Amino acid sequence: MALIEIKNAYMGYEGKTVLSDINLKIDEGDYVCIVGENGSGKTTLMKCLLGLLPVQSGSVTFGCGLKQNEIGYLPQQTLLQKDFPASVSEVVLSGCLNKKHTLFYSKEQKETAAKNMELTGIYTLRKRCFRELSGGQKQRALLARALCATHKLLILDEPVTGLDPKAATEMYALIKKLNKNGITIIMVSHDITASVNNASKILHLSGKTYFYGTAHQYLHSDVGKKFMITDCPCDDCRHRSAEVK
Ligand code: ADP
């Protein structure tokens with residue numbers, strides 16, 4: 001059974017359909033990048049997955065025991081998030097609140113937050129004020145926060161926007177590690193080259209149509225060829241282009 005199945009789905013807003021007749025499955029362990037021009041519906045799709053916007057028709061169903069309130073979500077950085085006046089551990093712990101709202105954090109919640117701070121390499125920064133961290137450290141703290149909500153699925157909205165190249169590379173490596181540890185990744189990205197290099201599947205939204213397939217299939221598709229200037233990185237294609245040279 002798929003982790004997420006979207007069937008004949010129409011998504012949009014009152015009086016306006018943005019995405020039409022979407023049919024796709026996301027399996028456990030997938031790393032899906034959603035790409036497409038501004039206004040192509042990436043955020044609209046994400047809102048429907050998170051339950052923030054109902055589908056106009058059709059369905060979005062979850063399998064493998066996934067519940068909608070157990071999705072870890074890393075939103076696009078806002079100025080408010082950047083200047084949040086709290087310690088790193090408080091920011092990370094707040095990610096545990098999607099399941100249980102209590103006055104005090106439980107021992108289990110504190111352990112979850114500590115584990116995720118270790119995993120994202122920010123445990124030693126836990127007592128620092130969040131707003132004093134570098135851009136890359138802030139994003140890792142917000143990723144640890146998103147991880148507190150989930151064991152299964154992370155939805156990331158342009159997680160490297162605003163980061164310098166080194167911090168962006170570290171962030172991509174961290175996301176890849178989480179994926180290898182078994183967490184399914186859905187990431188909205190403007191960086192098509194990084195998407196093709198990291199993701200197992202690409203969803204390219206463009207107007208009334210869309211492409212959904214493996215990164216390899218995308219690179220050999222009409223839409224992929226139009227948007228990509230790089231060679232296909234898969235081993236098979238590398239061998240073949242070496243033979244041609
Ligand atoms: P993307 O994330 O790919 O830039 P969006 O999903 O944000 O695209 O937007 C897709 C379309 O939906 C755009 O034409 C946008 O203007 C429109 N849209 C976005 N949010 C709303 C809203 N709350 N109400 C009405 N239309 C919206």
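**A sheet, a helix and a ligand**

Modeller: In this predicted model, strand S1 (residues 4–13) pairs with S2 in the antiparallel sense over seven bridges. Residues are numbered from 1 along each chain as its sequence is written. Local features need pLDDT of at least 70, side-chain atom pairs count only at pLDDT 80 or more, totals for chains, interfaces and linings use all residues, and side-chain values use heavy atoms, without hydrogens and water.

Colleague: What makes S1 and S2 a pair?

Modeller: Two strands pair if DSSP finds at least two bridges between them. S1 and S2 have seven bridges, so they meet that definition. Ala9 has Ile22 in S2 as its bridge partner, and Ile4 has Ile26.

Colleague: Why is S1 called a strand?

Modeller: Because strands are DSSP runs of E with at least two residues, while helices are runs of H or I with at least four, both numbered from the N terminus. S1 covers residues 4–13.

Colleague: What joins S1 and S2?

Modeller: They form a hairpin with two residues between them. Gly15, in the turn, has a positive phi of about 75 degrees.

Colleague: In which order do the strands of the open sheet stand?

Modeller: The order of the three strands is S2-S1-S4, with antiparallel pairing. S2 (16–26) and S4 (57–62) are at the edges with a single partner strand each, so one side of each has no neighbour in the sheet. From one strand to the next, the twist averages 30 degrees; axes are lines fitted to C-alpha atoms, for helices over the stretch in contact, and angles run from 0 to 180 degrees between N-to-C directions.

Colleague: Which strands does helix H1 touch?

Modeller: H1 (residues 42–50) packs on the sheet and touches S1, S2 and S4, where contact means heavy atoms within 4.5 Å. Its direction makes about 120 degrees with that of S1.

Colleague: How do you know that Gly39 makes a polar contact with the ligand?

Modeller: A polar contact is a pair of N or O atoms within 3.5 Å; within protein, one must be able to donate a hydrogen and the other to accept it, and residues adjacent in sequence count only if both atoms are side-chain atoms. A polar backbone atom of Gly39 is 2.7 Å from a ligand oxygen, so the pair qualifies. For Ser40 the distance is 3.2 Å, and for a backbone N or O atom of Gly41 it is 3.0 Å.

Colleague: Which element supplies the largest share of the shell around the ligand?

Modeller: H1, with three residues.
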